[in-house]
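Subject: Structure handover

Hello,

Here is the structure I promised to pass on. Please open it first, then read my notes below.

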Amino acid sequence: MSQKENKLHSTQLKPFSFYYCRIPDDMPDVALHWHPEIEINMLTEGEGQYQVGDSHIHAKKGDIIIVTPNILHSVYTNTRIESNTFVGSMDFIGSTFYDKASVSYIRPIINGAKVFSPLITESDEYYNEISECVSRLFEIGNKKEDFYELMLKSELYRLIYLLYSYGKIKVQNDSAKRLDKIKMALQYIQENYQEELRVSELADLCHFSKAYFMSFFRKNVGIPCVEYIMQFRLKKAGEELKSTDKSVSEIAFDCGFRNLSNFNRHFKEYFGVVPKDFRNNKI
């Protein structure tokens, strides 16, 4: 998904989800997006490029990437990445409580006043302690033994305690205001991708000149705006191919393409197969 993610990771009764993510097997990449939950990734294979806020990270096997709620993040790789991923609501550990722990330590993360330093590597002196905690979190979530939610909550509290103790939670800087402009543009793309989109519209939305917006977008997203729009439309088309019985041409036009042959060409370049084979799981 891209932009503000619509996928439901948490509910009141199940405020968390566990995934095993494989890129490019499950998807070609994870485009820039955000969601209101905390995200914890532990890379089990491969390496690739993560963007978390304004941090650009080359991550490898063994690294831990922690994403603050509502922070823009993405994943790209030229080879492959496999990771255990946890996505969960901070409500699960009491962000709505009014005790000292919540008010002083949990709620500032939710409201954006404080953020996680996203990368933890094996070279960090505190890696073993944090890695043990994160590994335990995934073990609990995968086994789902009786009363496992209590142990899961305990490990999340311990993880946040360790991150504070080792200075891995810091006060948010002014870059968040700059990235709000990117969020505004991405949200507009999400809501209007089926229509003709002009870069000049997005520049006007952000109160930038077209030239400045194009440079600003590429610097903060990692790819040109036109390419991002193309990839977003292609991913939407992929979702439609998997979840509906619509014809390829209908899906192409629904996703903002005005020429079927152009859609087929770009789809094959991005996914590695033609739409029909993608629908039939020949990927």
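This is a predicted model. My notes start with the empty space inside and then turn to the cysteines and the aromatic rings.

**Cavities**

Two elements, β8 (81-88) and α3 (148-165), each supply at least two residues of the lining of the largest cavity. The full lining is I38, F86, G88, S89, M90, I93, L156 and I160. Six of these residues are nonpolar, two are polar and none is charged. The volume of this largest cavity is about 40 Å³. The structure holds two cavities of 30 Å³ or more.

**Cysteines**

How many disulfides are there? The count is zero. Take C206. Its sulfur has its closest cysteine sulfur in C225, 9.1 Å away, and that is too far for a bond because a disulfide needs the two sulfur atoms within 2.5 Å. C206 is buried, at 1% relative accessibility. C255 also has its closest cysteine sulfur in C225, but at 17 Å, again too far for a bond. C255 is buried as well, with a relative accessible area of 2%.

**Aromatic rings**

The model has 20 aromatic pairs. One of them joins Y212 and F216. That pair is stacked, with 6.0 Å from centre to centre and 20 degrees between the planes. Both residues lie in helix α6 (residues 210-221). They are four residues apart, about one turn of the helix.

Are these two buried or exposed? Y212 is partly exposed, at 46% relative accessibility. F216 is buried, at 5%.

Now look at F271 and F278. Their ring centres are 4.6 Å apart and their planes stand at 55 degrees, so this pair counts as tilted. F271 is buried, with a relative accessible area of 13%. F278 is buried too, at 8% relative accessibility.

Ring pairs also build a cluster. It links F16, F18, F86, F92, F138 and Y148. F86 deserves a second look, as it is in this cluster and also in the lining of the largest cavity.

**Charges over rings**

Which lysine sits over the ring of F92? It is K153, with its charged end 5.1 Å from the ring centre. F92 itself belongs to the ring cluster above. K242 lies over the face of F278, at 4.7 Å from the ring centre. F278 is the tilted partner of F271.

That is everything I have for now.

Best wishes

Key. Residues numbered from 1 in each chain as written. Predicted model: local features only at pLDDT ≥ 70, side-chain atom pairs only at ≥ 80, totals over all residues. Heavy atoms only, no water. 1 Å grid on protein atoms, 1.4 Å probe; cavity = no way out; pocket = protein on both sides within 12 Å on 5 of 7 lines; lining within 4 Å. Points joined across faces, edges and corners; volume = space filled by probe spheres on them. Nonpolar A, V, L, I, M, F, W, Y, C, P; charged D, E, K, R; others polar. Buried < 20%, exposed > 50% of the residue type's maximum accessible area, 1.4 Å probe, protein only. Phe/Tyr/Trp six-rings, centres within 6.5 Å; stacked < 30°, edge-to-face > 60°. Lys NZ or Arg CZ within 6 Å of the ring centre and 35° of its normal.
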